[in-house]
Amino acid sequence: MTPPPVRRRGGTARCLALGSLLTLTLPAPAPGQALPDAMARLRSGAYEEALETLRALTRASQPLPEALRAYGRALLEVGRYQDALRALGGAGGEAASVEVETVYGEALRAVGRSREAEGAFRRALERGARDRNMARVNLGVLLWERGEREEARALFDTFIDLYNRSPGGLAAEDLMAVGTAVRHLGVTSYPLFQDALLAFDEAGAADPQDLRPEILAGELFLEKYRATDAREAFRKVLDSNPRHPRALLGLARILEFEGAPGAVDTVRLALETNPRSPDARAFLAEL
C-alpha cells in the first residue's frame with residue numbers, strides 16, 4: 001500500500017497508502033474564454049471583476065455547471081453566503097441541479113444549516129455528481145464535527161482505496177478530498193498526516209492554478225505547529241492573491257503563535273475580503 005517515498009518541502013519524505021487620444025477598447029473575451037478569465041481574476045484577488053463575469057455566465061440559458069460551481073465558491077470566499085444559496089438553489093430546498101449540490105451544501109453549512117447541508121451532500125453522492133468525491137468528504141467532515149465519528153471514519157477510509165485504485169492519477173479536487181479525509185484519519189494514525197500533505201502536493205501539481213491545495217497544506221502545517229512550513233504555503237497563495245481571506249487568517253495565526261506583531265492588522269485584512277468569516281471574527285475576538 002506504500003509507494004516509493006516522495007520528496008516534499010524541506011526534503012521531507014512523504015508516502016501515501018495517496019491597451020493618442022483615442023480610447024482603446026479591449027475586445028470582449030470569446031465565450032469559451034470567459035470562465036478561464038474570470039478564474040484568473042479570482043485567483044489574483046480581483047473579486048469584483050471575477051464575480052461580475054461569473055454572474056453573467058450563470059445567467060446564460062444553459063449555464064455550465066463549472067461556472068455555477070465557480071460562482072458559488074467565489075461568493076463563499078467573500079462571505080456572501082446568502083447570495084450563494086440564491087444563486088445555486090432550486091425548487092423544494094434542493095440545488096438547481098445535481099452538479100451544484102456539493103457547493104450548495106457548502107453554502108448551507110456556512111450558515112449553520114447542517115442537516116440541510118447533509119442532505120445536499122448525500123444527493124450529490126446518490127445521484128452521481130461529477131464532484132461526488134468532494135461531496136463525500138464534505139459529508140464526512142460534517143459528521144465528524146457533529147460527533148458521528150464511526151460513520152465519518154467509514155467515509156474517510158474509502159479515500160485510501162480511491163487513491164490506491166487510481167493508477168492513472170486523480171483530478172486535483174479529488175486529491176484535495178483524499179488529503180482532507182486522511183488528515184482526519186491522522187487523529188488515530190499519525191503517519192497519515194504526512195499522506196495528507198502528499199495528496200495536497202499532488203493536487204497542486206495536477207492544477208497549479210488552484211490555490212486551495214496550498215491553503216489546505218498551510219492549515220495542516222499550522223495545526224501541527226510547523227510555522228515555517230505554514231508560512232511558506234500561505235505566502236505562495238498571497239503572492240498570487242494578496243487579499244485571500246483564508247491565507248491572511250493563516251498568516252495572522254502564525255504571527256500570534258510566534259508572538260510577533262501584526263496579527264490584528266492581518267486578520268482585519270482577511271475580514272475586509274470576507275467580513276462574515278466566523279473563524280476570522282472569532283480569532284480577532286480572541287486577540
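Student: Why is Thr 158 called partly exposed?

Tutor: Thr 158 has a relative accessibility of 31%. Buried means under 20% relative accessible area, exposed over 50%, and partly exposed in between, for a 1.4 Å probe and protein chains only. The 31% of Thr 158 lies between those cut-offs, so Thr 158 is partly exposed. The model is predicted, so local features need pLDDT of at least 70, side-chain atom pairs count only at pLDDT 80 or more, and totals for chains, interfaces and linings use all residues. Residues are numbered from 1 along each chain as its sequence is written, and side-chain values use heavy atoms, leaving out hydrogens and water.

Student: Where is Thr 158 found?

Tutor: In helix H8, a helix being a DSSP run of H or I with at least four residues, numbered from the N terminus. The C-alpha of Thr 158 is 9.0 Å from that of Val 178, a residue 20 places away along the chain.

Student: What span is expected for H8, and what does the helix reach?

Tutor: H8 covers residues 149–164, 16 residues in total. The expected span is 1.5 Å times one less than the number of residues, which gives 22 Å for H8, and its 23 Å from first C-alpha to last is close to that.

Student: Which residues of H8 are buried?

Tutor: They are Ala 152, Leu 155, Phe 156, Phe 159, Ile 160, Leu 162 and Tyr 163.

Student: Why do you say that the buried residues line one face?

Tutor: Down the axis of H8 they fall within an arc of 160 degrees (taken from the directions from the helix axis to the C-beta atoms), so they line one face of the helix. These residues pack against helix H7 (132–145), helix H9 (172–185) and H10, where contact means heavy atoms within 4.5 Å.

Definitions and conventions
Helices (H or I, at least four residues) and strands (E, at least two) are DSSP runs, numbered from the N terminus.
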